Each structure stands twice: as C-alpha cells, then as structure tokens.
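Me: I have a structure open and want to go through it with you. Can you take short questions?

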Amino acid sequence: MIIEEDGMMPFTTFGPASVEIVRDEKRVMVKEILFDLQKREATLSCGTRGARAGDFDPRARETFIQW
C-alpha cells in the first residue's frame with residue numbers, strides 16, 4: 001500500500017469526500033512468500049505487476065516477518 005500510494009494526497013476523513021484511485025501502472029503484487037514455520041518467520045516479496053524475473057523493478061521490496 002505504501003509503494004502504491006507514494007505521491008498521493010494523504011487520506012483524511014475530514015472535509016469534502018475526494019477519493020484518489022491508484023493508477024494501474026502503480027499497482028504492485030505479492031511475488032513470493034517464503035515460510036520457515038519451525039523458526040516462525042517469513043520473507044514477503046512484492047513488485048510491479050507484469051515485471052519479468054531478472055528485470056530491474058523499482059517497486060520491488062522484501063519484508064521479513066517473525067511471529
């Protein structure tokens with residue numbers, strides 16, 4: 001969500017309702033989730049929709065999660 005909404009006006013519940021919609025070219029998707037259930041951790045990878053493996057993707061991010 002942070003990657004997709006970069007450069008958009010912050011959401012507010014005050015004032016007149018104006019809704020900005022994320023353009024298709026800014027959309028990202030989950031590319032891979034690697035789980036290690038014994039260690040209780042995972043790595044989540046996301047990136048630009050339609051980007052091919054091996055190509056540079058400026059929106060690619062990885063997040064490490066533990067529980």
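Reply: The answers below go through the fold, the strand pairing, the exposure and the side-chain pairs.

Me: What kind of model is this?

Reply: This is a predicted model.

Me: How many helices and strands does the protein have?

Reply: The secondary structure comes to 0 helices and 3 strands. From the N terminus on, the elements run β-β-β.

Me: How do strand 1 and strand 2 run, and how many bridges join them?

Reply: Strand 1 and strand 2 run antiparallel, with 8 bridges joining them. One of the pairings is Glu32, whose bridge partner in strand 2 is Ser45.

Me: What sits between those two strands?

Reply: There are 4 residues between strand 1 and strand 2, which form a hairpin. Arg40 in the turn has a positive phi of about 55 degrees.

Me: And strand 2 to strand 3, how many bridges there?

Reply: Strand 2 is joined to strand 3 by 6 bridges, and these two strands run antiparallel. Leu44 has Thr63 as its bridge partner in strand 3.

Me: Is strand 2 mostly covered or mostly open?

Reply: Mostly covered: strand 2 spans residues 41–48, and 6 of its 8 residues are buried.

Me: What share of the protein counts as buried?

Reply: The protein has 67 residues, of which 18% count as buried. Its exposed area is about 6100 Å², and carbon and sulfur atoms supply 57% of that.

Me: What about long-range contacts?

Reply: Take the contacts between residues at least 6 apart in sequence: 23% of them join residues at least 24 apart.

Me: Changing topic. How many aromatic pairs are there?

Reply: The structure holds 1 aromatic pair. Phe35 and Trp67 form it, edge-to-face, at 6.4 Å centre to centre and 70 degrees between the planes.

Me: Why does that count as edge-to-face?

Reply: Because planes over 60 degrees apart count as edge-to-face, and the planes of Phe35 and Trp67 are at 70 degrees.

Me: Which parts of the chain does the pair tie together?

Reply: Phe35 lies in strand 1 (residues 28–36), while Trp67 is in the segment after strand 3 (61–66), so the pair ties together parts 32 residues apart in sequence.

Me: Are those two rings' residues buried or exposed?

Reply: Phe35 is exposed, with a relative accessible area of 56%. Trp67 is partly exposed, at 43%.

Me: Now charges. How many salt bridges does a search of the whole structure find?

Reply: The search finds 3 salt bridges. One of them is between Glu4 and Arg27, where the closest N and O atoms are 3.2 Å apart. Glu4 and Arg27 are 23 residues apart, each in the segment before strand 1, and the pair links distant parts of the chain.

Me: Is Glu4 buried or exposed?

Reply: Glu4 is buried, with a relative accessible area of 11%. Its partner Arg27 counts as partly exposed at 26% relative accessibility.

Me: What does Arg23 pair with?

Reply: Arg23 forms a salt bridge with Glu25, and the closest N and O atoms are 2.5 Å apart. Glu25 counts as partly exposed, at 48% relative accessibility.

Me: And Arg52?

Reply: Arg52 forms a salt bridge with Asp55, the closest N and O atoms lying 3.3 Å apart.

Me: How exposed are Arg52 and Asp55?

Reply: Arg52 is exposed, with a relative accessible area of 61%. Asp55 counts as partly exposed at 42% relative accessibility.

Note on methods
Residues numbered from 1 in each chain as written. Predicted model: local features only at pLDDT ≥ 70, side-chain atom pairs only at ≥ 80, totals over all residues. Heavy atoms only, no water. Phe/Tyr/Trp six-rings, centres within 6.5 Å; stacked < 30°, edge-to-face > 60°. Buried < 20%, exposed > 50% of the residue type's maximum accessible area, 1.4 Å probe, protein only. Pairing = 2+ DSSP bridges. Contact = heavy atoms within 4.5 Å. Areas by Shrake-Rupley, 256 points an atom, 1.4 Å probe, with all protein chains shown as cover. Salt bridge = Lys/Arg side-chain N within 4 Å of Asp/Glu carboxyl O.
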